[in-house]
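Grab a pencil and try these exercises on helices, rings and charged side chains. Each task comes with a worked solution.

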Amino acid sequence: MRSIAVINQKGGVGKTTTTANLAAALATEGLKVLAIDFDPQSHLTINLGAAPRSEDGGIYGVMTDALPIDEAMLKVRKNLWLLPSHIDLAAAETELVSVVGREVILRDAIEAMRQKIDYVLIDCPPSLGILTINALSAVKEVFIPLQPHFLALQGLGRLLDDTIRLVAKRINPDLSVTAVVLTMYEGGTRLANEVVDDVKAFLEASRGTDCPWASARVFDAVIRRNVKLAEAPSHGLSIFDYAPRCNGALDYARLAAEVLGKVESAQPAAAKTAAKGAPTDKTIKMSDVVATPATPPSDVANIV
Ligand SMILES: Nc1ncnc2c1ncn2[C@@H]1O[C@H](COP(=O)(O)OP(=O)(O)OP(=O)(O)O)[C@@H](O)[C@H]1O
Ligand SMILES: [Mg+2]
């Protein structure tokens, strides 16, 4: 079983869109996929065509009431199960405050699925609290959707250095960042090229170290901005059901192929342009962002 947290504490970067469409693509390949909606906003639940219902138990029941996952999950497609969310989940943060071992509730619950499921994908909320820590404690891999613009670098630095490093050190030594997924990509813009170059340079610089992102890379498959990806959720459909020939479907199919190791390099033209981006007068580098504690201390240190 491969277990992956799709995480970035920055809001609106494509976490849910990536989780939903990657899950759908993997399920189409015949793999048994469990998609976990770990966000009280319930967007993944809605994206996959289910209604957020308190009485279903869902992930809230798993986290607060020891509900077994196979009783809490819904089958939403062939080979695809959803552990749905509901706004109730927002209360879990406070309800779990005095629970011993609250950081590893999800890890223990997922263990029961090991023989039944090939892929677990967790759509994390845009915050760094107990839910996110549970996700990072439960998985081996992290995918980080990143919309390439200036502030994205600061957020990424904080996520890697404060959160992922801490959870890996204190709770889950098996945790590693597999890759950054470039989302809402607008090829050819100078800023996008600069950010991508900086992310790649930063990841290269961490090779051979013992940090959890030492072997992370930027996926060759980039997700271009495509309005069909924004439309599909309102129909409760994946991009493959809603508009199978659009760029969004093509990009997520390429991403799935890369995740499955089916392509050596599926690098589309836009990403090639980015990778080759001409050197420019950059004002910020990933190494600056991570090395300098310019961001306030994360809450995570208080929790784990
Ligand atoms: N490649 C894309 N092109 C166009 N629109 C996109 C793309 N990816 C996502 N969107 C849209 O952008 C918005 C934010 O995407 P999404 O909900 O996946 O982000 P998120 O990181 O999960 O947000 P949150 O932090 O609130 O959970 C949504 O309306 C989504 O439909
Ligand atoms: Mg989301």
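Below are four exercises on this predicted model.

**Exercise 1: a helix and its span**

Task: What span should helix α9 have at 1.5 Å a residue, and how far apart are its end C-alpha atoms?

Solution:
- Start with the residues: α9 covers residues 190–205, which makes 16 residues.
- The expected span counts 1.5 Å for one less than the number of residues, so the helix should span 22 Å.
- Now check the model: the end C-alpha atoms are 22 Å apart, which agrees.
- While you're there, look at what is covered: the buried residues of α9 include Ala 192, Val 195, Val 199 and Phe 202.

**Exercise 2: a covered helix**

Task: How many residues of helix α7 are buried?

Solution:
- Find α7 at residues 130–138.
- Go along the helix: Ile 130, Leu 131, Thr 132, Ile 133, Asn 134, Ala 135, Leu 136, Ser 137 and Ala 138 are buried.
- That gives 9 of its 9 residues, and the helix is mostly covered.

**Exercise 3: two ring pairs**

Task: The structure holds 2 aromatic pairs. Is the pair of Phe 143 and Phe 219 stacked or edge-to-face?

Solution:
- The centres of Phe 143 and Phe 219 are 5.2 Å apart, with 80 degrees between the planes.
- An angle over 60 degrees counts as edge-to-face, so that is the label for Phe 143 and Phe 219.
- Phe 143 lies in strand β6 and Phe 219 in the loop between β8 and α10, so the pair ties together parts that are 76 residues apart in sequence.
- Phe 143 is buried at 0% relative accessible area, and Phe 219 counts as buried at 3%.
- Now the other pair: the ring centres of Phe 202 and Trp 213 are 6.2 Å apart and their planes are at 25 degrees, so this pair is stacked.
- Phe 202 sits in helix α9 and Trp 213 in the loop between α9 and β8, 11 residues apart.

**Exercise 4: salt bridges**

Task: Which elements does the salt bridge between Arg 217 and Glu 258 tie together?

Solution:
- Begin with the contact: the side chains of Arg 217 and Glu 258 meet at 3.1 Å, N to O.
- Place the partners: Arg 217 is in strand β8 and Glu 258 in helix α12, so the bridge joins parts 41 residues apart in sequence.
- Check the cover: Arg 217 is partly exposed at 32%, whereas Glu 258 counts as buried at 5%.
- Helix α12 also holds Asp 251 and Arg 254, 3 residues apart, about one turn of the helix.
- The side chains of Asp 251 and Arg 254 meet in a salt bridge at 3.7 Å, and with Arg 224 they are linked in a network of salt bridges.

How values were computed: Residues are numbered from 1 along each chain as its sequence is written. Chains are lettered from A and ligands numbered from 1 in the order in which they are written. This is a predicted model: local features need pLDDT of at least 70, side-chain atom pairs count only at pLDDT 80 or more; totals for chains, interfaces and linings use all residues. Side-chain values use heavy atoms; hydrogens and water are left out. Helices (H or I, at least four residues) and strands (E, at least two) are DSSP runs, numbered from the N terminus. Buried means under 20% relative accessible area, exposed over 50%, partly exposed in between (1.4 Å probe, protein chains only). Rings of Phe, Tyr and Trp (its six-membered ring) pair if their centres lie within 6.5 Å; planes under 30 degrees apart count as stacked, over 60 as edge-to-face and the rest as tilted. A salt bridge is a side-chain nitrogen of Lys or Arg within 4 Å of a carboxyl oxygen of Asp or Glu.
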